[in-house]
Each structure stands twice: as C-alpha cells, then as structure tokens.
Amino acid sequence: MSDLPRRVHLHEEGPREGFQIEAGPIASADKVRLIEALAESGLEEVQCVSFVNPERVPGMADAELVARSIRKRDGVRYSGLWLNLRGMQRAMRTQLDIEGTIGTSASEAFSVRNNGKGLAALREAQRETLAFCVDHGIAVTRGIVTTAFGCNLEGVIAPATVVERVAQMLDTMAEFGLRLPILRLADTVGWAQPNAIAAVVGAVRERWPELRLGLHLHDTRGTAMANALMGLQMGIDTFDSACAGLGGCPFAGHTGAAGNICTEDLAFMCEEMGIETGVDLDALIGCAQLAEEIVGHPLPGKLMRAGTLGRFRH
C-alpha cells in the first residue's frame with residue numbers, strides 16, 4: 001500500500017559528494033560559488049566538504065578554506081562529513097553547523113576500504129566520538145549504514161545483516177543514553193533495485209517501526225529514481241541527493257560508481273506527484289548548469305536539459 005509523504009527533505013550533498021571524486025582540481029572559489037547558489041534555491045541543508053585525509057581524498061584538501069569562505073544564509077544548515085573524531089574536531093574549528101553522526105557498514109570489506117577499520121574497531125572509534133559529543137553537548141542526530149543493499153567487495157548483503165548492524169549501532173548509542181532520530185540506509189555502490197529497497201526498509205521498519213528512515217541512493221546502474229519512488233511509496237521522507245547527479249564513492253571498488261540521485265530530478269518528480277520539497281526548481285536547474293560549468297564535462301542530470309513543464313501548461 002502506498003504511503004506517500006506530504007513533504008520530503010532533500011539533503012544536498014553535491015559539493016562534497018561531487019568534488020571529492022573529480023579528477024581535475026576544482027578551485028576553492030568555485031566550490032564556494034556552488035554552495036552559495038544551492039543555499040539560495042530553497043534547500044534547507046547543504047553538505048559542503050568532508051574532513052578526511054587529503055592524501056586519500058585530494059579533492060577535499062581545501063576543506064577548511066572552503067568552509068571559512070562561505071557566506072552563510074539564514075535558515076540553511078551548512079554541514080560537513082567526517083569519518084572519525086579527528087575529522088569532527090577539524091570541522092568544529094570552522095563555521096559549519098556541527099551535529100553528531102554515527103555510521104557503520106553492512107560490509108566489513110567496505111568498512112576497511114572506506115574507514116581503514118574493520119567493524120569492531122569502527123565501533124570502538126564510534127564510542128570515542130559519542131563520548132566526545134556527550135561531553136561537549138553536541139546532539140547526535142544521524143546514523144547511516146553504508147552498502148546496505150550490496151557491496152562490490154563482498155557481494156549480496158542480506159536484509160538480516162543490515163538489521164544486525166542497525167541493532168549494534170542503536171546499542172552503542174544506548175550505552176551513552178542516546179536515541180537516534182534519523183537512520184539513513186545507503187546504496188553506496190548502486191546495487192539496489194525497488195524490491196531490495198522494499199526488503200531492507202521493510203526489515204528495518206518491522207524491527208523499529210518508530211525509527212525515521214532516509215535513503216542515500218547512487219545511480220550507478222540507472223535505478224536510483226525507481227528506488228526513490230519505492231522509498232516514497234513506503235513513506236520515506238528524507239533523501240540524500242546531489243545537484244546534477246554529481247559524485248561517486250572513491251572507495252567503491254568500481255570505477256563506474258556513479259553519483260547520488262540527482263537533486264533537481266528527484267525534486268521535480270516529487271513536485272509532480274504533489275509532494276512538497278520547498279525548493280525552487282528553476283534555481284536548482286541554474287545550480288546544475290553551474291556545477292557542469294565548474295567540472296568542465298557533462299553531468300547526468302535530466303531536468304537541467306529538459307526544463308520543467310511550467311511553460312507547457314496553460
């Protein structure tokens with residue numbers, strides 16, 4: 001049975017997700033230009049940079065400079081990504097909005113590739129971060145399970161494995177008296193199709209019916225929009241997305257790991273279905289065109305070329 005939400009929250013990740021994987025250097029000023037344009041489009045949250053090892057992710061070597069240079073707009077959250085406490089502490093020295101996060105992987109091999117730690121070591125590191133958040137009064141607002149639908153390094157991921165990882169995450173938070181407001185299930189390398197979305201979301205929701213779920217979808221094999229539609233029909237109301245379809249995971253074990261689901265394309269579908277997004281589609285199209293200009297090669301977004309239907313309606 002369809003359970004469409006009335007409104008969805010789009011968590012824009014293009015500046016971080018996209019610029020971390022581009023081969024050519026992207027000027028810091030251009031990164032700032034895109035972030036500021038996205039903040040003018042009605043999006044409520046823009047993930048700007050990641051605070052990670054610049055030797056592993058050279059495209060994020062200027063994270064502090066970019067974060068420092070943004071002219072912030074009232075009503076917009078400017079967030080960052082980090083994989084450990086050191087990265088979080090770097091973020092805290094900038095003007096970005098800080099919130100605690102906790103993450104795990106359904107795939108042990110991907111955890112090692114992405115975080116440099118197996119799952120047991122990662123959980124210990126998470127305890128250190130959670131203790132820091134509690135000591136400094138930082139709200140822990142989000143959790144994520146990567147490779148929740150499949151992994152290029154380990155293969156098929158069973159829904160029961162995802163449930164097990166979520167249970168471990170929630171147990172770790174409970175040790176510190178914390179509850180998780182939002183859990184994102186990530187199709188990190190693009191294995192998911194609608195039946196897999198239904199199976200994993202259904203399994204997690206059956207165990208924790210009150211837990212708010214979101215989706216982080218990649219379009220590696222062209223299924224991201226179909227997966228989003230399945231999510232919407234199951235009541236999912238928050239999605240990670242990337243302007244123009246920017247991005248990809250540099251540790252996916254596959255050169256074809258495409259970017260996140262395209263923000264403006266997803267927003268267009270939602271608006272056409274009567275689901276509010278709060279964004280200005282024409283402004284988002286302008287952002288997508290700017291992103292393509294900055295990277296200097298075609299990006300996969302569709303709406304940026306076709307436009308909205310407004311001019312055809314009478």
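This section describes the fold, the nonpolar core and three local sites of a predicted model.

The protein chain has twelve helices and eight strands. Its C-alpha atoms fill a box of roughly 55 × 50 × 35 Å along the principal axes. The radius of gyration is 18 Å, which agrees with the value near 20 Å for a compact globule of 314 residues. Buried residues make up 55% of the chain. The accessible surface comes to about 13,300 Å². Carbon and sulfur atoms account for 52% of that surface. Among contacts between residues at least 6 apart in sequence, 76% join residues at least 24 apart.

The largest nonpolar core holds 92 residues. Leu34, Val162, Leu183, Leu185 and Phe239 touch the most other members. Helix H11 (residues 281–295) gives the largest share of this core, with nine residues. Beyond its neighbours within four places in sequence, Val162 is in contact with Ala106, Val145, Ala148, Ile157, Leu185, Val200 and Val204. Leu185 is thus a contact of Val162 and is also listed among the core members with the most partners.

Cys151 sits in the loop between strand S5 (140–146) and helix H7 (159–174). Its relative accessible area is 1%, so Cys151 counts as buried. Outside the four places on either side in sequence, Cys151 is in contact with Ser107, Phe110, Ile157, Val189 and Trp191. Ile157 is also a contact of Val162. Ala106 lies 45 residues from Cys151 in sequence, yet the two C-alpha atoms are 8.4 Å apart in space.

Helix H10 (residues 263–272) is mostly covered, with seven of its ten residues buried. These are Thr263, Glu264, Asp265, Leu266, Ala267, Met269 and Cys270. Both acidic and nonpolar side chains therefore appear in the buried set, given the cut-off of under 20% relative accessible area. The cover includes strand S1 (9–12), helix H9 (224–233), strand S8 (238–241), H11 and helix H12 (303–306). H11 thus helps to cover H10 and also supplies nine residues to the largest core. Gly274 follows H10 and has a positive phi, near 85°.

Thr94 is found in the loop between helix H4 (85–92) and strand S4 (100–105). Thr94 has a relative accessible area of 17% and is therefore buried, since the limit is under 20%. A polar atom of the Thr94 side chain lies 3.2 Å from the backbone nitrogen of Leu96. Not counting residues up to four places away in sequence, Thr94 touches Phe51, Glu64 and Ala67.

Terms used
Residues are numbered from 1 along each chain as its sequence is written. This is a predicted model: local features need pLDDT of at least 70, side-chain atom pairs count only at pLDDT 80 or more; totals for chains, interfaces and linings use all residues. Side-chain values use heavy atoms; hydrogens and water are left out. A nonpolar core is a set of buried Ala, Val, Leu, Ile, Met, Phe, Trp, Tyr and Cys residues joined through side-chain atoms within 4.5 Å. Buried means under 20% relative accessible area, exposed over 50%, partly exposed in between (1.4 Å probe, protein chains only). Helices (H or I, at least four residues) and strands (E, at least two) are DSSP runs, numbered from the N terminus. Contact means heavy atoms within 4.5 Å. A polar contact is a pair of N or O atoms within 3.5 Å; within protein, one must be able to donate a hydrogen and the other to accept it, and residues adjacent in sequence count only if both atoms are side-chain atoms. The radius of gyration is taken over C-alpha atoms; the globule rule is 2.2 Å times the number of residues to the power 0.38. Accessible areas come from the Shrake-Rupley method with a 1.4 Å probe; for residues, only the protein chains shown count as cover.
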